[in-house]
Amino acid sequence: MPPRRRKLAAVSDPPARDRAPDLRDAVRAALDGMTWLDPSDQAMRALALRQAEEIEKAVDRAAELDELRRELAGDMAALKRLQKLEAMCEITKTVGWLGPQLQGVLRDLGGTPAARKAMQGDKPIGGRLAQLRANAAAREDDA
């Protein structure tokens with residue numbers, strides 16, 4: 001094999017990026033802004049907070065995994081520890097699973113624009129179909 005003419009340079013770490021805002025704080029602030037929530041909504045509120053917590057834990061575990069990889073490079077004894085942690089660090093799966101669920105919980109609490117629009121007094125929930133059903137029920141009561 002002929003010798004290489006140019007020397008290979010070490011790969012540098014990618015530049016650090018700003019971390020996204022903490023989802024726990026964002027969800028807590030959103031829930032605090034939902035003044036219409038009743039005490040009966042506390043379980044859904046707790047669920048939303050728990051889901052945000054799990055998503056943030058996945059991010060924290062991934063950061064720990066990256067740090068361990070750097071610290072323990074070449075240490076075969078630490079490989080099992082890394083593999084165990086790596087199995088818990090599936091951020092994409094965690095966010096992919098819990099993200100839509102969290103959105104659904106927040107939607108059910110009226111925390112999305114569409115849900116708030118549906119809560120308006122002049123527009124019945126369910127739109128035109130709900131209005132037709134309500135009118136039909138009213139006619140049956142009159143009969």
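Buried means under 20% relative accessible area, exposed means over 50%, and partly exposed lies in between. The model used in these exercises is predicted.

**Exercise 1. Three residues, three classes**

Task: Decide whether Glu56 is buried or exposed. Then classify Gly111 and Asp108.

Solution:
- Step 1. Locate Glu56. Helix H2 holds this residue.
- Step 2. Take its relative accessible area, 5%. The buried class ends at 20%. Glu56 is therefore buried.
- Step 3. List what touches Glu56. Leaving out residues up to four places away in sequence, the partners are Arg19, Pro21, Asp22, Leu23 and Arg24.
- Step 4. Turn to Gly111. This residue sits in the loop between helix H4 (91-108) and helix H5 (113-118). Its relative accessibility is 25%, so Gly111 counts as partly exposed.
- Step 5. Finish with Asp108, a residue of helix H4. Its relative accessible area is 56%, so Asp108 is exposed.

**Exercise 2. The chain as a whole**

Task: How many helices and strands does the chain have? What share of the residues is buried?

Solution:
- Step 1. Count the elements. The chain has 6 helices and 0 strands. Read from the N terminus, the order is α-α-α-α-α-α.
- Step 2. Take the burial. Of the 143 residues in the chain, 22% are buried.
- Step 3. Look at sequence separation. Consider contacts between residues at least 6 apart in sequence: 64% of them join residues at least 24 apart.

**Exercise 3. Helix H1 against helix H2**

Task: Describe how H1 and H2 pack. Which residues make the contact?

Solution:
- Step 1. Choose the descriptors. Two packed helices are described by the angle between their axes and the distance between the axes.
- Step 2. Read them off. H1 (residues 23-33) and H2 (residues 42-71) pack at about 165°, and their axes are 8 Å apart.
- Step 3. Apply the cut-off. Angles over 145 degrees count as roughly antiparallel. H1 and H2 are therefore roughly antiparallel.
- Step 4. Give the handedness. H1 passes H2 in a right-handed crossing.
- Step 5. Name the residues. H1 contributes Leu23, Arg24, Val27, Arg28, Leu31 and Asp32. H2 contributes Arg45, Ala48, Leu49, Ala52, Glu53, Ile55, Glu56 and Asp60.
- Step 6. Sort by class. This contact of H1 with H2 has 7 nonpolar, no polar and 7 charged residues.

**Exercise 4. Helix H2 against helix H3**

Task: Which residues of H2 and H3 make their contact, and at what angle do the two helices pack?

Solution:
- Step 1. Start with the geometry. H2 and H3 (residues 79-88) pack at about 155°, with axes 9 Å apart.
- Step 2. Use the cut-off again: over 145 degrees is roughly antiparallel. H2 is therefore roughly antiparallel to H3.
- Step 3. Give the handedness. H2 and H3 cross in a left-handed manner.
- Step 4. Name the residues. From H2 come Arg61, Glu64, Leu65, Leu68 and Arg69. From H3 come Arg81, Leu82, Leu85, Glu86 and Met88.
- Step 5. Sort by class. The contact of H2 with H3 has 5 nonpolar, no polar and 5 charged residues.

**Exercise 5. The nonpolar cores**

Task: Which residues make up the largest nonpolar core, and which helix gives the most to this core?

Solution:
- Step 1. List the members. The largest nonpolar core has 12 residues: Val27, Leu31, Met34, Leu37, Ala48, Ala52, Ile55, Leu98, Leu102, Val105, Leu106 and Leu109.
- Step 2. Assign the sources. H1, H2 and H4 each supply at least two of the core residues. H4 gives the most, with 4 residues.
- Step 3. Note the other core. A core of 6 residues lies apart from the largest one, and includes Leu65, Leu68, Leu72 and Ala78.
- Step 4. Examine one member. Beyond its neighbours within four places in sequence, Ala48 contacts Val27, Leu31, Leu102, Val105 and Leu106.

**Exercise 6. Far in sequence**

Task: How many Å in space separate Gly111 from Leu31, and Asp108 from Asp41?

Solution:
- Step 1. Take Gly111 and Leu31. They are 80 residues apart in sequence, and their C-alpha atoms are 7.7 Å apart.
- Step 2. Add the contacts of Gly111. Outside its neighbours within four places in sequence, these are Met34, Trp36, Leu106 and Arg116.
- Step 3. Take Asp108 and Asp41. They are 67 residues apart in sequence and 9.7 Å apart from C-alpha to C-alpha.

Technical notes:
Residues are numbered from 1 along each chain as its sequence is written. This is a predicted model: local features need pLDDT of at least 70, side-chain atom pairs count only at pLDDT 80 or more; totals for chains, interfaces and linings use all residues. Side-chain values use heavy atoms; hydrogens and water are left out. Axes are lines fitted to C-alpha atoms, for helices over the stretch in contact, and angles run from 0 to 180 degrees between N-to-C directions. Angles under 35 degrees count as roughly parallel, over 145 as roughly antiparallel, 65 to 115 as roughly perpendicular and the rest as oblique. A crossing is left-handed if the near helix is turned anticlockwise from the far one by less than a right angle, and right-handed if clockwise. Contact means heavy atoms within 4.5 Å. Ala, Val, Leu, Ile, Met, Phe, Trp, Tyr, Cys and Pro count as nonpolar, Asp, Glu, Lys and Arg as charged, and the others, Gly among them, as polar. Buried means under 20% relative accessible area, exposed over 50%, partly exposed in between (1.4 Å probe, protein chains only). A nonpolar core is a set of buried Ala, Val, Leu, Ile, Met, Phe, Trp, Tyr and Cys residues joined through side-chain atoms within 4.5 Å.
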